[in-house]
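Q: Could you take me through this structure with questions and answers, setting each value against its definition?

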Amino acid sequence: MSATFPLIPRRRVLGLPFGGLHSARRGLGSDVASSRPYEPGDDVDRIDWNASARLSLARGSEEFVVREHFAEEAPRVVVLCDRRPSMSIFPDETPWLRKPDALGQAIDVIGASAVAARGLLGYLDEADGETYWHPPRSQHDLGSVGAGRPFSAPEDTVERGLRHLARQRRDLPAGTFVFVVSDFLAEPARNEWLWALERRWEIVPVVVQDPTWEQSFPDVAGAVVPLADPATGRVQLVRVSSAEAARRRAVNEERLRELLHRLRALDLDPVLVSSHDHRDVVLSFLTWADQRLFTRGRA
C-alpha cells in the first residue's frame, strides 16, 4: 500500500467520521459550530442541557439552547495531469529523473492520501488535445484512470485544464483539493491562476523537474552531449563549452527560483518532486504538509 500524507487545507476543515474534512455549512457532524435558542421542531437530542440550565438560572425561566454542528463531508481531490511531451523524459536507461515514473508515483501518493481521508477522487488531462475527465464521485484508483495515457498534450494544457475545472461547479465546490502535476516549463499565465483561485479551491502545484538538467545544468564542458527534442524524439549531438554550461546552469536555477517565487506570491504552496523514488516522492508531500501546518499555525 502506498504511503500517505495528510490533506492540510488553509481553512478550518479538519474532520472526523465521514471524510477527513468538514464543511463551512451547518449539518450533521461532531464538531460544534455555534449555539442558538431552541425553536419548535428542533431535535431534542441537539439540546445543550448544561448551557440550557445556566441560561435558565440566569434568566429565572425555562430556556433551552440548541447546538449547531459543522456538516462532515468527504473531501474532494482532483489531479490535473500535464501530459506534454516534456513530461515523458527521461528514458529508463538514463540515471536521471524518469518523469513518467515520478508522475505515476505522485498520482499514486495523492490518490492513496485521498482514500485515507475518505475522499472522492477525480482526474483530468488534455492528452491529444482532448479533455479526459473523471469527476470526483467515487474512491476509484487514480493510477488505473490515467494509466497508458499518451504524452501528447498541447503546450497550454495546464491552462486548458484549469478552465475546464472552473466550469465544473457542481462537482468541485469550494475547498476541493486540486493537485496540478507538471514540470511547469510551460507555465500558466498569472490570470489563469487567479481565475482558478476565485473558486476557493485548495490548489497545490506539484513541480516535477529533473535536478540535473532542468533545475540546474551539469559541468559538461568539452563533452559531446546528446540532446533530444521531447516532441519529436530526435536526438542531436551538441558540444557544450564551459561558458555555455555555466550560462545554462544560471538560467535554469533562476527559472526554478522565479517559478517557486511566483507560486508562493499567489499563496500557492508548491510541492517540488526531484526524484522518481517512492520514498522521496512521499517525503516531498510530507514536507509540503508540514509547511502547511506551520504556516496555518502562524496565521
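Q: Which residues have the most contacts inside the largest nonpolar core?
A: This is a predicted model, in which local features need pLDDT of at least 70 and side-chain atom pairs count only at pLDDT 80 or more, while totals for chains, interfaces and linings use all residues. Residues are numbered from 1 along each chain as its sequence is written, and side-chain values use heavy atoms, with hydrogens and water left out. The largest nonpolar core has 31 residues, and those with the most contacts inside it are F5, V77, I110, F179, V206, V208 and F285. Helix 2 (99-116) supplies the largest share of this core, 7 residues.

Q: What makes a set of residues a nonpolar core?
A: The set must consist of buried Ala, Val, Leu, Ile, Met, Phe, Trp, Tyr and Cys residues joined through side-chain atoms within 4.5 Å. Buried means under 20% relative accessible area, exposed means over 50%, and partly exposed lies in between (1.4 Å probe, protein chains only).

Q: With which residues is F179 in contact, leaving aside its neighbours within four places in sequence?
A: Contact means heavy atoms within 4.5 Å, and the residues that F179 touches in this way include F5, L7, V77, I110, V206 and F285.

Q: Why is helix 4 said to be largely enclosed by the rest of the structure?
A: Helices (H or I, at least four residues) and strands (E, at least two) are DSSP runs, numbered from the N terminus. Helix 4 covers residues 157-166, and 8 of its 10 residues are buried, so the helix is largely enclosed by the rest of the structure. Its buried residues, among them V158, L162 and L165, pack against strand 4, strand 5, strand 6, strand 7 and helix 5.

Q: How do you know that the span of helix 6 agrees with what is expected?
A: The expected span is 1.5 Å times one less than the number of residues. For the 24 residues of helix 6 (residues 242-265) this should give 34 Å, and because the end C-alpha atoms are 34 Å apart, the two agree.

Q: Why is R118 called partly exposed, and why is D128 called exposed?
A: R118 has 43% relative accessibility, so it counts as partly exposed, whereas D128 has a relative accessible area of 53% and therefore counts as exposed.

Q: What is the phi of R118, and what is the phi of D128?
A: Most residues other than glycine have a negative phi. R118, although not a glycine, has a positive phi of about 60°, and D128 has a positive phi near 65°.
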